[in-house]
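Here's a quick walk through the model, one region at a time. Keep the viewer open and follow along.

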Amino acid sequence: MSNIVHRNNVQVLGTGEKTIVFAHGFGCDQNMWRFITPHFEKNYRVVLFDHVGCGRSDWTAFNAEKYNSLHQYANDVLEIFEEFNIEDAIFVGHSVSSMIGMLASIAKPRYFDSIVMIGPSPCYMNEEPDYHGGFDKEDIIELLDMMQLNFVGWASYFAPIAMNNPELPGYVEELEYSFCATNPAITRHFAEVTFFQTIEKI
């Protein structure tokens, strides 16, 4: 097993010639796609992975200075593409992975045929009066402080907000479990990178 495959817990499924890559959002891992990917395996080569610090990735590969921008996560994606000789792929990114995929496609456009963005945002922080990203700076700071002081409490608080689907409480519980299954320090760092950086500034 190569270092890249181990680092990002890369899984390859399906038998098709065309490749479709699924990239999970903040606080999740590749397990979030489990109800989706079976519908694609017959016609596509399906590639799944975990960002470093998430799921079953190699947490020892994480370095706060190295992963201090979305660019490094995009570089990881490109290394996965190179490892598996992926070109002209369909990239499906959820949340922050939409922006990670976009950055990767700008760097190596030949690797990408198209990008599907689910819940993307170039900036999650409000910039009044013209831009509404969803969070005020004070709210983000409070969120990060809560993660540092009481990670389990933060997970319980933030999961229903992020899921925003009270009709399906089971999914909220699953997301909360996903948060709690990560390394708190790495997750907080990823949150800071996700919520404070904007594509305009990267």
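## Helix H2

A bit of bookkeeping to begin with: the expected span of a helix is 1.5 Å times one less than its number of residues. This is a predicted model, and helix H2, residues 70-83, can be held up against that yardstick. H2 has 14 residues and covers 20 Å between its first C-alpha and its last, close to the expected 20 Å.

What sits at the two ends of H2? At the N-terminal end, Ser69 acts as the cap, with a side-chain oxygen 3.1 Å from the backbone nitrogen of His71. After H2 comes Asn85, which has a positive phi, near 50°.

Now for the buried side of the story. The buried residues of H2 are Leu70, Gln72, Tyr73, Ala74, Asp76, Val77, Leu78, Ile80 and Phe81. As a reminder, an α-helix has 3.6 residues a turn, so residues three or four places apart point the same way.

## Salt bridges around Arg7

How many salt bridges does the structure hold? The count is 7. Side chains of opposite charge can pair when their charged atoms come close.

Let's start with Arg7 and Asp76, whose side chains form a salt bridge at 3.6 Å, N to O. Arg7 belongs to helix H1 (residues 3-7) and Asp76 to helix H2, so this pair ties together parts that are 69 residues apart in sequence. Both Arg7 and Asp76 are buried.

Arg7 also forms a salt bridge with Glu79, and here the closest N and O atoms are 2.7 Å apart. Glu79 is in helix H2 while Arg7 is in helix H1, so the pair ties together parts that are 72 residues apart in sequence. Put Arg7, Asp76 and Glu79 together and you get a network of salt bridges.

Buried or partly exposed: where does Glu79 fall? Glu79 counts as partly exposed because its relative accessibility is 28%. Arg7, on the other hand, counts as buried because its relative accessibility is 6%.

## A second bridge, Glu174 to Arg34

Over to another pair: Glu174 and Arg34 form a salt bridge, with the closest N and O atoms 2.8 Å apart. Glu174 lies in helix H6 (residues 169-180) and Arg34 in the loop between S2 and S3, so the pair ties together parts that are 140 residues apart in sequence.

Neither partner is hidden away: Glu174 counts as partly exposed because its relative accessibility is 29%. Arg34 counts as partly exposed too, because its relative accessibility is 31%.

## The S2-S3 loop and a nonpolar patch

Stay in that loop for a moment. Ile36 is found between strand S2 (18-23) and strand S3 (44-48), and it counts as partly exposed because its relative accessibility is 35%. Ile36 is also one of the members of a nonpolar surface patch, together with Phe35, Leu168 and Tyr171. Between them, these four residues have about 360 Å² of accessible area.

Lys42 is in the loop between S2 and S3 as well. Is Lys42 buried or exposed? Lys42 counts as exposed because its relative accessibility is 71%. Setting aside neighbours within four places in sequence, Lys42 is in contact with Thr15 and Gly16. Lys108 sits 27 Å from Lys42, C-alpha to C-alpha, with the two 66 residues apart in sequence.

## Helix H3

Helix H3 takes in residues 96-107, so to speak 12 residues reaching 17 Å from first C-alpha to last, close to the expected 16 Å. H3 is mostly covered, with 9 of its 12 residues buried. Those buried residues are Val96, Ser97, Ser98, Met99, Ile100, Gly101, Leu103, Ala104 and Ser105.

What covers the buried residues of H3? The cover includes S2, H2, strand S4 (89-94), strand S5 (112-118) and helix H7 (184-196).

Ser98 makes a good close-up within helix H3. Ser98 counts as buried because its relative accessibility is 0%. Not counting residues up to four places away in sequence, Ser98 touches Gly93, Met117, Ile118 and Pro120.

## Arg188 in H7

Last stop: Arg188, which is found in helix H7. Its side chain makes a polar contact with the side chain of Gln148, at 3.2 Å. Beyond residues up to four places away in sequence, Arg188 touches Leu144, Met147 and Gln148.

Terms used:
Residues are numbered from 1 along each chain as its sequence is written. This is a predicted model: local features need pLDDT of at least 70, side-chain atom pairs count only at pLDDT 80 or more; totals for chains, interfaces and linings use all residues. Side-chain values use heavy atoms; hydrogens and water are left out. Helices (H or I, at least four residues) and strands (E, at least two) are DSSP runs, numbered from the N terminus. Buried means under 20% relative accessible area, exposed over 50%, partly exposed in between (1.4 Å probe, protein chains only). A polar contact is a pair of N or O atoms within 3.5 Å; within protein, one must be able to donate a hydrogen and the other to accept it, and residues adjacent in sequence count only if both atoms are side-chain atoms. Patches are made of residues with over 30% relative accessible area and no salt bridge: like charges are joined within 9 Å, nonpolar side chains (Val, Leu, Ile, Met, Phe, Trp, Tyr) within 5 Å. Accessible areas come from the Shrake-Rupley method with a 1.4 Å probe; for residues, only the protein chains shown count as cover. Contact means heavy atoms within 4.5 Å.
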